[in-house]
Amino acid sequence: MDTASFQFVLFGLLVALVSNLSRSPFWRSLVLLAATLYFLYVLAVNPIVLLPLAGFLALGYFGLFLLQRGVRKSLVWFILVVVFAYIWLKKYTILPDGFFLHTPYFTLGLSYIFFRVLHLLIESGDGNERRPIGPLRYLLYTLNFTTFVSGPIQRYDDFAADQFAPDPPPLGPKVVGLQLERIVRGFFKVNVLALLLNAFQLDALVQISQPLPITFKMWAAFRIAVIYPFFIYCNFSGYIDIVIAIARLMRLRLPENFNRPFSASSFLEFWNRWHITLSTWLKNYVYNPLLLALMRRITSRTLEPFLGVFCFFVTFFLVGVWHGRTSEFLFYGVLQGAGMAANKLWQLALAGALGRKPYKALAKNPFYIAFGRGLTFTWFAFTLFWFWGDWSKINKVLSALQIQQWALVSLAIWLSSTLILASWEWLRAALLSIRTSEGSVLLSRYARVAYASALGLAAVVITLLLNQPAPGIVYKAF
Amino acid sequence: MTETRLDGNVRLQEARLPRLDWILLPLIGIMTILLVSAATKSVSSHYFSKSSNTLAACLIQNDPSTGVRGVPNSECRAKSPEFPTIDYKFNSCGHRAGMECGPKPPEVYRIVMIGSSYPFGLNVQREDSIAALLPLDLSRRTGRQIQIYNEAMYTGFPRSFDLRFNEIQAAQPDLILWIVTATDIKYSSTVLLPNNTIPQGVPLGFVAKATYRLRQALHSGSVLDAINSVENNALVAFRDSDIGVMLVHTLNLSPSQSIASYKAEGSDSFLLRDQLSEERQHDLDEFNTDAASIQERAKSASIPIVAVLVPERIRATMISLNQWPPGYAPYKLSDLLRSMIVNHGGTYVDILPGLKTIGNIDQLYEPVDNHPTPKGHAIISALIADQLVKGAVPALKGAHPTDTSLAEKR
């Protein structure tokens, strides 16, 4: 149930069906609560293991309760306590080992609950008048089974506007059709594409250490770097497709988490397209406040642009740190932060050297965009080494080739991704330009039915033939 | 895709679907499925077809006193889905030996090879098989004239060699080379495979076949069992079809995926688990009994016997990748086999460690059929030759083995 399995999809569709028996917010909330509790029960098996999670939720609600009653001066303390509780429950190695609970307990979904709880605390503590959030609404928002395992991270106001509205979002045949198509697409991504990509990457990981000629090893290195971004994209965005569609069938609109990330022409743009709800959350609650605070203290006009660079580094360093408690993720965070900061610096330097207008013209040049896209992909692919590997594995992979051979592999990845992604963008634009009066043919319901049928057939046949579970949703571990 | 807040009229519009679409959209869905299926069928029929002629025409498969044997002086052509068309030619003794049967020529060191489909050379031309490659390699390395007389037989499991030991003896071997696979252990005591085919008289259409299977299943169990049995049969039938073979072949080209797929299967048909199930342990005990009997007879006839475990694709993959899931032990069967063979007075040679140096394991076997390709036969042959000339058989002790012969063949 914690993956994009047949069971999960059927469960989601059943819940959506029951939820639509009445439009009343009470009924829909009741169904969502019952479904969420059942979902938790199935995942946890033994309710005792849920106690720490329940404690965390209670702590969050206690803070929220006090803030809603005007104890706003303590906002920072509440936030610190919640952050500390999160670090403690997730067993971050910055705390001594003896400090942790050593009985097994349930942490699935905790990271996403953490973001929702912090969001509620911060928004409640900002001084603006809001309708108080009762315990039931709090639980529905934080535990909602569609977003429990790996997001997306939704704002409370958006959640409440759909979930508790007397007139929830409409659900006609067109919307239902679109969601069913999206479920099929998501299922195919997770259960077929991700499964195969995972196997191909494992093959390459093994081959790089085998007694093979150097060209084979370099080809293996190429595949190790290139396949994983596509795997993680299919694995994560496929699951997100399914939960967004199930939620929409329950008349709840979840935010998008991906927007064709590999078409980003810069690293800055990439993070506007990849795990959007996470980066938006961090921009709202880390980047913006930090930048404002620094600008208040540092008033130098020369330094002002560089404050953004620093804030980008800090924000995206935290993106990495959030992913895990090990030093690999710390380094992953450094690489993400460095990528963002370097990209911003490059923009500043180029704009400074060329002038604003020529820089803008250059930024629109198709070749500049294509090479930028390739470079963005290459950088992201290499940073992911610290996402999927531990130090010993990374060391084994990196030491399989000499530094100049790795440089060649990187260059090959840059050039080939530039070419392939640019061709893909061109092909996509060409196909989308085939239009009727109702819009693009490719996006019409007729085309969608056709490719959903083909993907559905392929997914069912391959799933039945292989009869093996797809790799788990990677982001559920965070 | 992003929806904005909609007013009443727009909402009504959004909810409506033109009447024609209620017919058109399902029709498009069905047509797409049919089209995709037809296209897949067409591709799979082209690349993964099997011939209507089978090897069965050259085999006598209903004699429990000998097990499966070849029809003397017969010739067959057959094609399995993943392989090209292969010629099978049997001599007057019913062996795919590449030579006539009879007493061995003087000055020749003759090895009689026994085993099932791997040494038989199923799905490869005789000249690409172990039986043809190994004597060349051994002769080159030892400087002696070495001949392999191949008595291996498709589905010729150990008990049938016990039954046909006089045939082995008649070939006057200096050595018996017994190629063992995990399948031989699983079916050790099986002399003839049970016939699960549909009897003559039942029409061959899909519905007729399904009805026949359903009736059979209903006869022996409950309705649920019957449905289950038909479902399983349908899946097996689909897997055996051109499309099924093409899809599984393509999906399992990845060695890691093959391992994951085998793990998901759960049955451990290749005895790869570190803890063998009761069923597999029973298979092993049966094999031990047959091995004791065959070796006893070889000892009485003063013929030395050398056994070797030739790995199937999954075992070879695990060893080559040096990676296997917890609970699996790809070397264990070899160790068990060694102790059995040595206990009964034979010699065992282990070629599994040699696989660690093979980088392109995915090219050595076909993923669905599981039999070695010509390249696989060449590697297996070289690995066996390496072991034999190392001193396992004093008469074959030759030049010190090097990896060059192996590398040449890769």
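A salt bridge is a side-chain nitrogen of Lys or Arg within 4 Å of a carboxyl oxygen of Asp or Glu. The exercises below use a predicted model.

**Exercise 1.** Decide whether the side chains of B:Arg140 and B:Asp137 meet in a salt bridge, and place both residues.

*Solution.*
- Step 1: Check the distance. N to O is 2.9 Å for B:Arg140 and B:Asp137.
- Step 2: Apply the cut-off. The limit is 4 Å, so the pair is a salt bridge.
- Step 3: Place the pair. Both residues lie in helix H4 (residues 130–142) of chain B. They are three residues apart, about one turn of the helix.
- Step 4: Look at accessibility. B:Arg140 is exposed, at 54%. B:Asp137 is buried, at 2%.

**Exercise 2.** Find which parts of chain B the salt bridge of B:Asp174 and B:Lys104 ties together.

*Solution.*
- Step 1: Take the distance. The closest N and O atoms of B:Asp174 and B:Lys104 are 2.8 Å apart.
- Step 2: Locate each residue. B:Asp174 sits in the loop between helix H6 (165–170) and strand S7 (175–180). B:Lys104 sits in the loop between strand S4 (85–89) and strand S5 (109–114).
- Step 3: Conclude. The pair therefore ties together parts that are 70 residues apart in sequence.
- Step 4: Add accessibility. B:Asp174, at 22%, is partly exposed. B:Lys104, at 26%, is partly exposed too.

**Exercise 3.** Describe the interface of chain B and chain A.

*Solution.*
- Step 1: Count contacts. 44 residues of chain B touch 38 residues of chain A.
- Step 2: Give the buried area. The value is about 3500 Å², with 62% from carbon and sulfur atoms.
- Step 3: Find the salt bridges. The rule gives one across the interface. A:Arg445 pairs with B:Asp21, at 2.4 Å.

Key: Residues are numbered from 1 along each chain as its sequence is written. Chains are lettered from A and ligands numbered from 1 in the order in which they are written. This is a predicted model: local features need pLDDT of at least 70, side-chain atom pairs count only at pLDDT 80 or more; totals for chains, interfaces and linings use all residues. Side-chain values use heavy atoms; hydrogens and water are left out. Contact means heavy atoms within 4.5 Å. Buried area is the accessible area (1.4 Å probe) that two parts lose on being put together, summed over both. Helices (H or I, at least four residues) and strands (E, at least two) are DSSP runs, numbered from the N terminus. Buried means under 20% relative accessible area, exposed over 50%, partly exposed in between (1.4 Å probe, protein chains only).
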